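Thanks, everyone. I'll keep this brief and walk through a few places in the fold. Please have the structure up on your screens.

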Amino acid sequence: MRRVSVVMALFALALFVLAGCSQETKQESVQQKTEQASPDKKVKVGVTQIVEHPALDSIRKGIIDQLADEGFKDGQTMQLEYLNAQNDMNNVMTIAQQLAADKKDIIIPITTPSAQAVAQQAKGIPVVFSAVTDPVAAKIVRALDKPGKYITGTSDVSPMDKQVQLVKEFVPSLTKLGVIYNTGEVNAEVQVGMIEKAAQALGVKVEKAGVSNSNEVKQRAESIVGKVDAILIPVDNTVVSSFEALLTVAKASKIPVFASDSDTVKRGAVATYGIDYYKLGRQTGVMAARVLKGEKPDTMPVETLKDVQLVMNEAAVKDFGLSVPDKLKAEASVSK
């Protein structure tokens, strides 16, 4: 009888302990869910770009504006850290290491060099890049439709066949086209290949002038004076950041300069079939918000901004002694 009582007492005690554990587990589970769903938690977002110039700054603004519209507002629901590499490759890698070490919830690199560095350092942290012309050639993603790993983003690939044709429209006598670009940037190399292919189809020869840093841009522009009928700048951050130096040489030599982005046209290039970099930033921001809300980057194909617009600089057209072809007048958005 006494044995039965002892056994029953032990059994009751065991039930009590199990019930207590179960209750604690439920409470812990509820607490974890509450913490995960808490709107007070700020997501940590890192944004980096290789250099500051109007096109890239427009992208960054578009990203931040879109994130705010998606509910991620800096200082409220988002803790944003922006770092600029000042066009120094050593800084690019240091910044990538810093953002990765800080365990950001997402890193958003703008431009190919910044994206390449971040891709090397992120180690599983979600990455959504912007303005990477050819992310496959840059070895950032495996394929555009299935990027793989933990990374995706947007491409700013420009229709180089249309750009070359545009130069030809303004300069009908075009036989030699100058292209100034950074030989160390994969995206620039890819674009130059596109330009050469498009120029060959029109019977135009391409005179390439490579640079390794922004300080060489003016010198290389001077080196092709007298050798070319016009200059076309690809989407190249090194050259675009020193555009004013190139423009000074071009104006003095009366060699019309064409760009591959609308912001550079506003700064003095003649014209472009360009994408709207603010819109590209907005599109990148949408993708980043999807990741922050739980979607996996490796399931999101790389996106491009398909709409291009003809943009002309009226003052530049006059400065270079050109006239607007009739067929382009109704199509163009004019910048003064």
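Start with a side-chain pair. Arg-60 and Tyr-82 are joined by a polar contact of 3.3 Å between their side chains. Keep in mind that this is a predicted model. Arg-60 belongs to helix H2, residues 54-69. Is Arg-60 buried or exposed? Its relative accessible area is 17%. The cut-off for buried is under 20%, so Arg-60 counts as buried. What does Arg-60 contact beyond its neighbours within four places in sequence? Val-47, Gln-49, Glu-52, Tyr-82 and Ile-110. So Tyr-82 appears in that list as well as in the polar contact.

Now step back along the chain to the loop between strand E1 (43-49) and H2. Val-51 lies in that loop. Val-51 is buried as well, at 9% relative accessibility. Look at its partners. Setting aside residues up to four places away in sequence, Val-51 touches Leu-56, Asn-84, Asn-87, Asn-237 and Ser-241. Take Asn-84 from that list. Val-51 and Asn-84 are 33 residues apart in sequence, yet their C-alpha atoms are 6.0 Å apart in space.

Next, a sheet. Which strands form it, and in what order? There are four, running E7-E6-E8-E9. The sheet is open, and the pairing is parallel. At the edges sit strand E7 (205-211) and strand E9 (257-258), each paired on one side only. One helix packs here. Helix H6, residues 186-201, touches E6, E7 and E8. The direction of H6 makes about 170 degrees with that of E6. Inside the sheet, strand E6 (residues 176-182) and strand E8 (residues 230-232) run parallel and are joined by three bridges. For a landmark, find Leu-177. Opposite Leu-177 stands Ala-230, in E8.

On to helix H11, residues 277-292. H11 has 16 residues. From first C-alpha to last, H11 reaches 22 Å, close to the 22 Å expected at 1.5 Å a residue. What caps the N-terminal end of H11? Asp-276 does, with a side-chain oxygen 3.0 Å from the backbone nitrogen of Tyr-278. Which residues of H11 are buried? Among them are Tyr-277, Leu-280, Gly-281, Met-287, Ala-288, Ala-289, Val-291 and Leu-292. The buried set also includes Gln-283 and Thr-284.

Past the end of that helix, Gly-294 comes just after H11 and takes a positive phi of about 120 degrees. Then look at Glu-295, in the loop between H11 and strand E11 (303-304). Glu-295 is partly exposed, with a relative accessible area of 31%. Its side chain makes a polar contact of 2.7 Å with the side chain of Arg-290. Leaving out residues up to four places away in sequence, Glu-295 touches Arg-290 and Met-300. Pro-126 is worth locating too. Glu-295 and Pro-126 are 169 residues apart in sequence and 9.9 Å apart in space, C-alpha to C-alpha.

Last, the whole chain. The protein chain has 13 helices and 13 strands. Of its 336 residues, 47% are buried. How much of the contact set with a separation of 6 or more comes from residues 24 or more positions apart? The share is 71%. The accessible surface comes to about 16300 Å². Carbon and sulfur atoms hold 51% of that surface.

That's my tour. Over to you.

Definitions and conventions
Residues numbered from 1 in each chain as written. Predicted model: local features only at pLDDT ≥ 70, side-chain atom pairs only at ≥ 80, totals over all residues. Heavy atoms only, no water. Pairing = 2+ DSSP bridges. Helix = DSSP H or I, 4+ residues; strand = E, 2+ residues; numbered from the N terminus. Contact = heavy atoms within 4.5 Å. Axes fitted to C-alpha atoms, helices over the stretch in contact; angles between N-to-C directions. Expected span 1.5 Å × (residues − 1). Buried < 20%, exposed > 50% of the residue type's maximum accessible area, 1.4 Å probe, protein only. Polar contact = N/O pair within 3.5 Å; in protein donor to acceptor, adjacent residues only side chain to side chain. Areas by Shrake-Rupley, 256 points an atom, 1.4 Å probe, with all protein chains shown as cover.
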